[in-house]
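Biologist: Could you walk me through this one, and tell me what stands behind each label you use?

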Amino acid sequence: MRQGGMGAEEIQPGRRERRQPRPAGNAPTAARLREAALAHLARFAATEAALRRVLERRVDRWARAAEAEGQPHETTAAAAAAARAAAAEVARAMVAAGAVDDAAFAESRARRLARAGRSRRAIAAHLSMKGVAAETAAAAIPEGEDAELAAALAHCRRRRMGPFARAAEDADARRKALGSLARGGFSQSVARRALAMEPTEAEDRLLAARRA
């Protein structure tokens with residue numbers, strides 16, 4: 001007979017006790033949403049629309065948890081609607097306070113994406129997804145064929161093609177390279193210029209673009 005052993009109800013070695021889910025409590029208040037907004041902005045740059053979506057997801061998680069634990073649907077729906085309105089107000093307040101600046105976000109993100117080899121078309125789509133207004137995005141995206149050519153060269157370097165290919169490319173490799181640039185949103189004229197460029201000139205253009 002084993003003495004001093006563990007009871008059957010005790011946790012065996014290697015097994016973890018399951019944590020009970022925290023009660024949903026009341027809907028997020030404006031104060032709690034403001035704290036969540038500040039915590040998010042301390043880690044990530046965001047547009048007004050993106051921040052509002054982050055806060056709304058927080059409200060939605062609360063609503064699901066509240067209904068899962070048995071709170072009446074009518075009550076949670078009304079509270080969630082009020083919390084979403086508060087989320088929108090908090091996002092607007094962050095803009096008024098200067099903590100959120102869509103134009104600055106768009107300019108910084110557009111510059112970073114262009115250096116990473118994204119075309120104007122791809123950058124515009126990305127900014128739209130982040131909630132940047134079309135006119136704000138248009139003002140932020142680098143203009144001119146030289147800027148687009150530099151982005152196409154960055155695209156080529158990332159994929160080791162064109163001026164950055166490890167070996168001479170045959171016709172099939174060139175077609176694939178053109179297809180890659182086209183899928184990236186670059187025009188055929190820009191793509192052909194990028195692929196035909198000498199390696200030294202391509203490196204010089206990329207260096208100049210980084211310095212700009």
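Modeller: Sure, starting with residue classes: Ala, Val, Leu, Ile, Met, Phe, Trp, Tyr, Cys and Pro count as nonpolar, Asp, Glu, Lys and Arg as charged, and the others as polar. Bear in mind that this is a predicted model. With those classes, the lining of the largest pocket splits into nine nonpolar, no polar and four charged residues.

Biologist: Which residues sit closest to the centre of the largest pocket?

Modeller: Arg111, Ala114, Arg115, Pro142 and Ala209, out of 13 lining residues. The volume of this pocket is about 270 Å³.

Biologist: What makes α7 stand out in that lining?

Modeller: α7 gives the most, with five residues. Helices α4 (102–115), α7 (145–158) and α10 (199–211) supply at least two each.

Biologist: How do you know how the lining of the second largest pocket divides by class?

Modeller: Its lining is Arg22, Pro23, Ala24 and Ala65. Arg counts as charged, while Pro and Ala count as nonpolar, so the tally is three nonpolar, no polar and one charged. The volume here is about 150 Å³.

Biologist: Why is α1 called oblique to α3?

Modeller: Helix α1 (residues 30–43) and helix α3 (residues 73–96) pack at about 45°, with axes 9 Å apart. Under 35 degrees would be roughly parallel, and 65 to 115 roughly perpendicular; about 45° fits neither, so α1 is oblique to α3. The crossing is right-handed.

Biologist: What makes up the contact of α1 with α3?

Modeller: From α1, Ala30, Leu33, Arg34, Ala37, Leu38 and Leu41 meet Ala83, Ala86, Ala87, Val90 and Met94 of α3. That gives ten nonpolar, no polar and one charged.

Conventions
Residues numbered from 1 in each chain as written. Predicted model: local features only at pLDDT ≥ 70, side-chain atom pairs only at ≥ 80, totals over all residues. Heavy atoms only, no water. Axes fitted to C-alpha atoms, helices over the stretch in contact; angles between N-to-C directions. Helix = DSSP H or I, 4+ residues; strand = E, 2+ residues; numbered from the N terminus. Parallel < 35°, antiparallel > 145°, perpendicular 65-115°, else oblique. Left-handed = near helix turned anticlockwise from the far one by under 90°. Contact = heavy atoms within 4.5 Å. 1 Å grid on protein atoms, 1.4 Å probe; cavity = no way out; pocket = protein on both sides within 12 Å on 5 of 7 lines; lining within 4 Å. Points joined across faces, edges and corners; volume = space filled by probe spheres on them.
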